[in-house]
Amino acid sequence: MPQTLPQALDSAVVRSWCSLALEALGREREEIDAINVYPVADGDTGTNLYLTVESASQAVEAVFAAIAAPDFADTVRAMAHGALLGARGNSGTILSQLLRGMSEVLAEGRDGHHLARALRRASVSAREAVAHPVEGTILTVAAAAASAAAGGATDGAGGVTDGAGGSGDVATVARAAYAGARAALEATPAQLAVLKRAGVVDAGGRGLVTMLGALVEAVCGEAPVRAPRTPRASPVPSAEPCSDAGPAYEVIYLLEADDAAVARLRDRLDGLGDSLVVVGGDGLWNVHVHVDDAGAAVEAGVEAGRPHRIRITHFGTEAAPEERAGRAVVAVLPGEGLARLCADAGATTVLTRPGEPPASGELVDAIRRAHAREVVLLPNDAALRHTAAAAAEQARAEGIRVALVPTRAAVQGIAALAVHEPDRRFDEDVVAMTAAAGATRYGELAVAEHQSFTSAGVCQAGDVLGLIDGDVAVIGHDVATIAETVLDRMLSAGGELVTLVLADDAPDTLADRLETHVRETHLAVDTVTYPGGPQAPLLLIGVE
């Protein structure tokens, strides 16, 4: 019996598309990296596309975790927003704008006609985001996919109507877009001389074809016939302008700014370098540019608004394997103060912000930055367990020995780092760090954002929550009182050392009051206090 294909997209299809695309890009990442010769032959296009889609997929999964049957418009917007937050590299940034363009149309309708219009909007908006569009790139492939999809929508115009004024068969449109993109991809060497010299197709375009193939599989239930394997790039001559004569740095950052400020920023950055792509909207943008003066590019962002998650990469500065150090620690931390503290202790740090957990790719990057043969990874968050495990596996595949210590809070990470001794055997060091983390109970103070049912009862928005080992233990209104209650409960089973980490917005007298409380109430217990910095949790407590 022939399979009945859907006439319209839904949230489950979008979720499946993200998952299948991530899986496919994971398989093809190295192949795509190997053919990356434009705009810079730095061999990371496949990796950047994977990390961008990983962020989009995580955003969609978060929507499903919050609501069992999420609204379709919310799902596609989450996909686009996640891609914007996690966009990496030139092609990843363009891909995020393609997904944003699609989401703007798909939020209005879900049938084949709207899918074709979405692909057209995606192509146009991505091209507008690039300061100087070049043919033979992902932009060309996106335009061809949109044109082919428009033909598919016409061919399928006899389909059902979704109530939004559109009609058509999404399977026909998706297949047409994929076929059009594949054909355009094969033609890219004739459009871009550097591709022809290297004997490869465009890497970003190849990634987009993979994305559209995943869309066909999500809609139709079976993957399209894959294109033949693309040969690896030939060595590019040393005189090749795209690899040696271009700017020295890639600068990427998220930017909170209004449209007028972003328009001025585009002009400023266009004069500083090349490969300029600015994507996003509604006050949040992702900025990508290649420049020789990275500081000037960041300064331009500061003048335009509030840049954050700034990434600066110097092309061609990977350390050779023989230059690797013996052992390093990589720690994920929820505040700049803690990050500085652990960095001073020798750790390579990954800074997180509320609502922005790191993707596995960011952890892999940190492991690579550590330039060590052996790495101890401290996720410092129970929710990052699977993400950290995936990062560790990827790093191991690259020849790095990685041990994951399952720290569930930053104070456990501090305890583990305190006993780290790089001169002893790796296994012994990991055992000691794991034991120190496991012997540390952890607590936290937070402010409830909305009414909710907790293990300690119902809380209202604005209530102060005292958590012990991840569970709400006490609810109240006064920060200091709740903190003392949490401390007393944690110390009721004994303890020798209390660690307090306070955010910048914690009450000024809180640290002194808690230190005094411990000193007067719990004999022979020492207290150490650290600044958490801005955006850190209100108060973190560790008891060893």
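These legends walk you through a few close-up views of a predicted model. Local features here need pLDDT of at least 70, side-chain atom pairs count only at pLDDT 80 or more, and totals for chains, interfaces and linings use all residues. Residues are numbered from 1 along each chain as its sequence is written, and side-chain values use heavy atoms, with hydrogens and water left out.

**View 1. Helices α11 and α12 cross each other.** Look for α11 (residues 259-270) and α12 (residues 294-304), helices being DSSP runs of H or I with at least four residues, numbered from the N terminus. Their axes (lines fitted to C-alpha atoms over the stretch in contact) come within 9 Å and cross at roughly 165°, on a scale from 0 to 180 degrees between N-to-C directions. The two are therefore roughly antiparallel, the word for angles over 145 degrees.

**View 2. Here's where α11 meets α12.** Ala261, Leu265, Arg268 and Leu269 in α11 touch a set of α12 residues including Ala296, Glu299 and Gly301, where contact means heavy atoms within 4.5 Å.

**View 3. Four strands line up as an open sheet.** The order is β2-β3-β1-β4, with antiparallel pairing; strands are DSSP runs of E with at least two residues, and two strands pair if DSSP finds at least two bridges between them. At the edges sit β2 (273-281) and β4 (306-314), each pairing on one side only.

**View 4. β2 pairs with β3 (residues 284-291).** Seven bridges join these two strands in the antiparallel sense. Spot Val277, which stands opposite His288 in β3.

Terms used
Parallel < 35°, antiparallel > 145°, perpendicular 65-115°, else oblique.
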